[in-house]
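Hi,

Here is the structure I promised to send over. Have a look at it first, and then read on for my notes.

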Amino acid sequence: MINRVLALALLLMVLATALGSCGRQNAPTLNVNSDVFLSLEEGHSLDGTKLSAIAKLLAATYATDFDTQEMLIAAYRGYDMLAADFDESKITAGETKEFNQQAVVALIDKANAKANNDSKIYFEEYKTINETDTLTIIRSLQTSVDLDAKKTFWDTLLGWIGAFIGWMTNTLCFGSYIGGICLFAVIVELLMLPLAIKQQKNSIKQAKLRPKEMAIKKKYAGRDDQVTKQKMSQELQELYQRENVNMAAGCLPLLIQLPIVLALYRIVIDPLYYVLGQSSALSNALFKFFTASPAAGGLGKTITDSRGTITMLSELTADNLAGIKDFMYFGNGGEIFDKLEGIIPRMPDFTLGNVNLGLNPSFDGNYILLLVPVLTFIVYFFSMRLNKKMTYQPQAMQDQQTACSGWLMDIYMPGMSTFFAFMVPALVGIYWMFKSVISTLRQFIVCKIMPYPQFTEEDYRAAEREYAGKAPRKGAAPEHHTYGRDVQMVGGRPKSLFHMDDDDYVAKVEEEMKRQKDEEETKSSSEETVEGVALKQYDRPAKKNKKTTDENDVSDHNEQ
C-alpha cells in the first residue's frame, strides 16, 4: 500500500508542476516592423527615423514592469494609464476619447528612464508627437495572428482525443461539456479494466499468503529490536519471491494513469485548441484580448493561462467578441473575429444549470463554485478510505502504512486535491470527483467478482506449525517445511525465538539428544537372541520403562 501512496504522491507532484507551469508565461517580447516607417503618409510631425527610434525604445522596455504597447494604445484612445487617478473599473468596454498627447509623452519619458544606453533616445522632438505619429508606431508593433493550426505529433494525438470528446459532447450529451468529459472518463475506466483485473489477481495471490505472513510475524513476536525486524522482513521477502508475488504491481495502474491525467487536463482546459481544432496563436490572441485593459480596447479580465481557453470561451459572447475587430494589438482583427464567430455555434456548453463551471472557484463572486473544492476533499477522502478497505495490504507493508500512510492517505492527499481544485476551472474539479467515484465503483465490482480468499483458524494454526517446526496432527496432510536462510536450526527444528541469544540453550539441547542416544544403546545391549528371535530381558518392565521415558520426552518437549 505504501508503494501506491508514493506513486499517488508522485502523480500529484507532477500535476502540481504542470499546473504551476501553466500559469507562467514566457518572457514577452515585442518586435518592430521597420517597413512601416519607410513610406510615411502626410500628417506626421516626426520623420521615419525618429518614429522608428521611439518604437524600438518601447519594444526594448516592453518586458520590464509595464506594458508599453497597452499604454500606447490606451493613450491613442484618450486614456493615461500612468496617471495617479486612473481607474480601469470605471471604463466602459469599447468607449474611446480624444487622443491624449500628454499620456504618450509621459510613456516615452518613463520608457527612456528604464532603457539602457543603447535603446535611449536623445532628441527632444518626441514631445511634439501627434495622433498620426502614434498610430504609425502602434502599427509597427502590431502582429498578424496565424489562424492555421500547426500541431506537433503529440498535439495531433491529443487533438484526436479532443475531437472524440467534442463528438460525444455534441452528439450524446446535448452539447454539455461536463457530460462529454465524464462520459470519456467512463470509457477510460473501461479501458483500464483489464489492468485492474490483473492487479486484482496479483492481490489475490498476495492474500493467499496471509496465514504464512501471520505465522512469520508470530514467530518473531516479542522482539522489537532492529535485527529481529530485519530478519522478519527478509523472511517475508523470501516468501514473496518463492511464491512469485510482485509487490510493486499496485503502482502500475497509477503510473499508467499519470500521462492520461495530464493529457486530459490539457484537453479539458483548452477546448479551443484540442476540441474545436483551432490554432494555438488564436488561443494566445484571445487571451491577449481578454486580459488587456478596457482602456486599450480589451475586456480587462484576469486569466492566468493563455492556453486555459475554457475560461475565455465560457465568457465569450457575440457582444464582447465584436471588440476584437478593432483591437489594435493585431493587424488582422477582422479575420480573427470571423474565425471566432464561426466556431461560436460549435462551442460546448460549460454551464450546469445557471452556474458557469468554466470559471475558477474564488472568494470574489460565484460563491457556489466554492462547493467544488469542498466536495473534492470529501469525495477523495471517502473514496480513498474505501479503496484501502477493498485493497489487500501485505503484512510487510502494514507497519510502514501504520507509521506514515494513515495521515498521508487520509488528510494530505485529499488536501492536495482540494488545493488544486482552487487553481483550475470548477469543471475540472467535478471531473476529478466523478473519476474518483467511478474508480471506486470499478474496484468494488472487481472485488465482488474476484473476492479475496477467506481463512479459518485451522489455516493459521497450520501455518504456525509449519514455521514452528512441529509435526502435523494425526490424520492431517503432511506439511512442507520451508525456513528462511537466517533461521538457526537445532535438531532439525528452528531455534526457539525466546532462546535466540542463549548459547547455553543449544548446548542443553545437544546434551539431551546425547543422553537419549546413550539410553537407547544401553537398552539394545540388554537384548538376547534365542533361535533367531530377539528377546529383551525383563520384557514387561522394559516396555513400562519405555512408556515412562516417552512420556518424559513429551513432557520435556512441551516444557521447552
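C447 has a relative accessible area of 13%, so this cysteine counts as buried (under 20% is buried, over 50% exposed and anything in between partly exposed, with a 1.4 Å probe and protein chains only). C173 is buried as well, at 15%. A search of the whole structure gives 0 disulfides, where a disulfide is a pair of cysteine sulfur atoms within 2.5 Å. Why does C173 have no bond to C182? C182 holds the closest cysteine sulfur, but that atom is 8.5 Å from the sulfur of C173, which is too far for a bond.

Before the rest, a word on what you are looking at. This is a predicted model, in which local features need pLDDT of at least 70 and side-chain atom pairs count only at pLDDT 80 or more, while totals for chains, interfaces and linings use all residues. Residues are numbered from 1 along each chain as its sequence is written, and side-chain values use heavy atoms, with hydrogens and water left out.

Now the overall picture. The protein has 560 residues, and 44% of them count as buried. There are 22 helices and 6 strands; these are DSSP runs numbered from the N terminus, with helices being H or I of at least four residues and strands E of at least two. Taking contacts (heavy atoms within 4.5 Å) between residues at least 6 apart in sequence, 73% join residues at least 24 apart. The exposed area is about 30500 Å², of which carbon and sulfur atoms supply 55%; areas come from the Shrake-Rupley method with a 1.4 Å probe, and for residues only the protein chains shown count as cover.

The aromatic residues deserve a look on your screen. Rings of Phe, Tyr and Trp (its six-membered ring) pair if their centres lie within 6.5 Å; planes under 30 degrees apart are stacked, over 60 edge-to-face and the rest tilted. By this rule there are 16 aromatic pairs. In one of them, Y273 and Y274, the ring centres are 4.8 Å apart and the planes stand at 80 degrees, so the pair is edge-to-face. Both Y273 and Y274 are buried. F327 and Y329 have their ring centres 4.6 Å apart and their planes at 10 degrees, so this pair is stacked. F327 is buried at 1% relative accessible area, and Y329 is buried at 2%. Ring pairs also join F327 and Y329 with F289, F290 and F330 in a cluster.

Two lysines sit over rings, by the rule that NZ of Lys or CZ of Arg is within 6 Å of the ring centre and within 35 degrees of the ring normal. The charged end of K151 is over the ring of Y273, 4.7 Å from its centre, and K50 lies over the face of F123, at 5.7 Å from the ring centre.

F289 and F290 bring us to helix 13 (residues 280–291), where they are among the buried residues, along with L282, S283, A285, L286 and F287. The cover over these buried residues includes helix 12 (271–274), helix 14 (309–315), helix 15 (318–321) and helix 16 (333–343). The expected span of a helix is 1.5 Å times one less than its number of residues. For the 12 residues of helix 13 that gives 16 Å, and the end C-alpha atoms are 17 Å apart, which agrees. Helix 8 (residues 193–207) reaches 20 Å over its 15 residues, close to the 21 Å expected. Its buried residues include L195, Q199, N202 and I204.

Which residues does L427 touch? Not counting residues up to four places away in sequence, L427 touches Y177, I178, I181, V268, I310, F350 and L357. L427 belongs to helix 19 (residues 426–449) and is buried at 0% relative accessibility. T68, in helix 3 (residues 68–76), is likewise buried at 0%. Beyond its neighbours within four places in sequence, T68 is in contact with L30, L58, T61, Y62 and L107.

Last, an oddity in the backbone. Most residues other than glycine have a negative phi. F174 is not a glycine, yet its phi is positive, at about 55 degrees. F174 lies in the loop between helix 6 (153–171) and helix 7 (177–191) and is exposed, at 78% relative accessibility.

Best wishes
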